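Subject: Structure handed over, with notes

Hello,

Here is the structure you asked about. Please open it first and keep it beside these notes while you read.

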Amino acid sequence: MNRTKAGADWERVAEIYLRGRGLNIVRRNYRTRRGEVDLIAQHRQDLVFVEVRARSNPHYVSAIESVDRRKQARLASTAATFLAKHYRGTCQPAARFDVITIAESEEPSGFRLSWLRNAFDATDLPIS
């Protein structure tokens, strides 16, 4: 299976997981020239920008470690573009950045999913 197909499959798994926990998916794969946000969801009053990371090889950097400051800045910039475009002239909702990690495991499903809410604070990141 190629990486693009595998990524899309894991994003669907994450979407089902989040829906099951009460989040409403607003947008999938929102792209700008600065980057992409895998899922954008509404959770109560918050708008949640979700990065989905999967790892099959434990010898590389972990899924959560792969969301480094550079990736965080790209996510924050893309989120800022989304908010400016869709909430222009209105009160912007509170926003947060979550990360869903998926790793192969011995569990019956064959994988382990972890949901890290408020994975990082974007206020100190350079958004250009």
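Strands β2 and β3 run antiparallel and are joined by five bridges. One of the pairs is easy to find: His-43 has Asp-46 in β3 as its bridge partner. The two strands form a hairpin with two residues between them, and in that hairpin Arg-44 takes a positive phi near 55°. Please keep in mind that this is a predicted model.

**The whole chain**

The protein chain has two helices and five strands. Along the sequence they follow the pattern α-β-β-β-α-β-β. Of the 128 residues in the chain, 39% are buried. The accessible surface comes to about 8,000 Å², and carbon and sulfur atoms hold 48% of that surface. Taking contacts between residues at least 6 apart in sequence, 50% join residues at least 24 apart.

**The sheet**

In what order do the five strands of the open sheet lie? The order is β1-β2-β3-β4-β5, and the pairing is mixed. β1 and β5 are the edge strands, each pairing on one side only. On average, neighbouring strands of this sheet are turned by 25° against each other, with direction ignored.

It helps to walk across the sheet from β1. Six bridges join β1 to β2, and these two strands run antiparallel. They form a hairpin with four residues between them. Within this pair, Asn-24 stands opposite Gln-42 in β2, and Arg-28 has Leu-39 in β2 as its bridge partner. The step from β2 to β3 is the hairpin described at the start, again antiparallel.

Next come β3 and β4, which run parallel and are joined by 10 bridges. Here Val-50 is paired with Asp-98 in β4. Finally, β4 pairs with β5 (residues 111-116) in the antiparallel sense, over six bridges. In this last pair, Glu-104 stands opposite Phe-111 in β5.

**Two residues to look at**

β2 is mostly covered, with six of its eight residues buried. His-43 is found in this strand. Is His-43 buried or exposed? Its relative accessible area is 9%; the cut-off for buried is under 20%, so His-43 counts as buried. Leaving aside neighbours within four places in sequence, His-43 is in contact with Arg-21, Leu-23, Val-48 and Arg-96. One of these, Arg-96, also makes a polar contact of 3.2 Å with His-43, side chain to side chain.

The second residue is Val-50, which lies in strand β3. Val-50 is buried too, because its relative accessible area is 1%, and the cut-off is under 20%. Which residues does Val-50 touch, not counting those up to four places away in sequence? They are Leu-18, Val-37, Asp-38, Leu-39, Asp-98 and Ile-100. Leu-39 is 11 residues away from Val-50 along the chain, and their C-alpha atoms are separated by 5.0 Å. Asp-98, another residue that Val-50 touches, is the bridge partner of Val-50 in β4.

When you look at these strands, one general point is useful. In a regular strand the side chains alternate between the two faces of the sheet.

**Helix α2**

Helix α2 covers residues 69-86, which makes 18 residues. At 1.5 Å a residue the helix should span 26 Å, and its end C-alpha atoms are 25 Å apart, so the two values agree.

Which residues of α2 are buried? They are Lys-71, Gln-72, Ala-73, Leu-75, Ala-76, Ser-77, Thr-78, Ala-79, Phe-82 and Leu-83. What covers them includes β1 (24-31), β2 (36-43), β3 (46-55) and β4 (94-104). The general rule to hold against that list is that an α-helix has 3.6 residues a turn, so residues three or four places apart point the same way.

If you have little time, start with His-43 and its polar contact with Arg-96, then follow Val-50 across to Asp-98 in β4.

Regards

Notes:
Residues are numbered from 1 along each chain as its sequence is written. This is a predicted model: local features need pLDDT of at least 70, side-chain atom pairs count only at pLDDT 80 or more; totals for chains, interfaces and linings use all residues. Side-chain values use heavy atoms; hydrogens and water are left out. The expected span of a helix is 1.5 Å times one less than its number of residues. Buried means under 20% relative accessible area, exposed over 50%, partly exposed in between (1.4 Å probe, protein chains only). Contact means heavy atoms within 4.5 Å. Accessible areas come from the Shrake-Rupley method with a 1.4 Å probe; for residues, only the protein chains shown count as cover. Two strands pair if DSSP finds at least two bridges between them. A polar contact is a pair of N or O atoms within 3.5 Å; within protein, one must be able to donate a hydrogen and the other to accept it, and residues adjacent in sequence count only if both atoms are side-chain atoms. Axes are lines fitted to C-alpha atoms, for helices over the stretch in contact, and angles run from 0 to 180 degrees between N-to-C directions.
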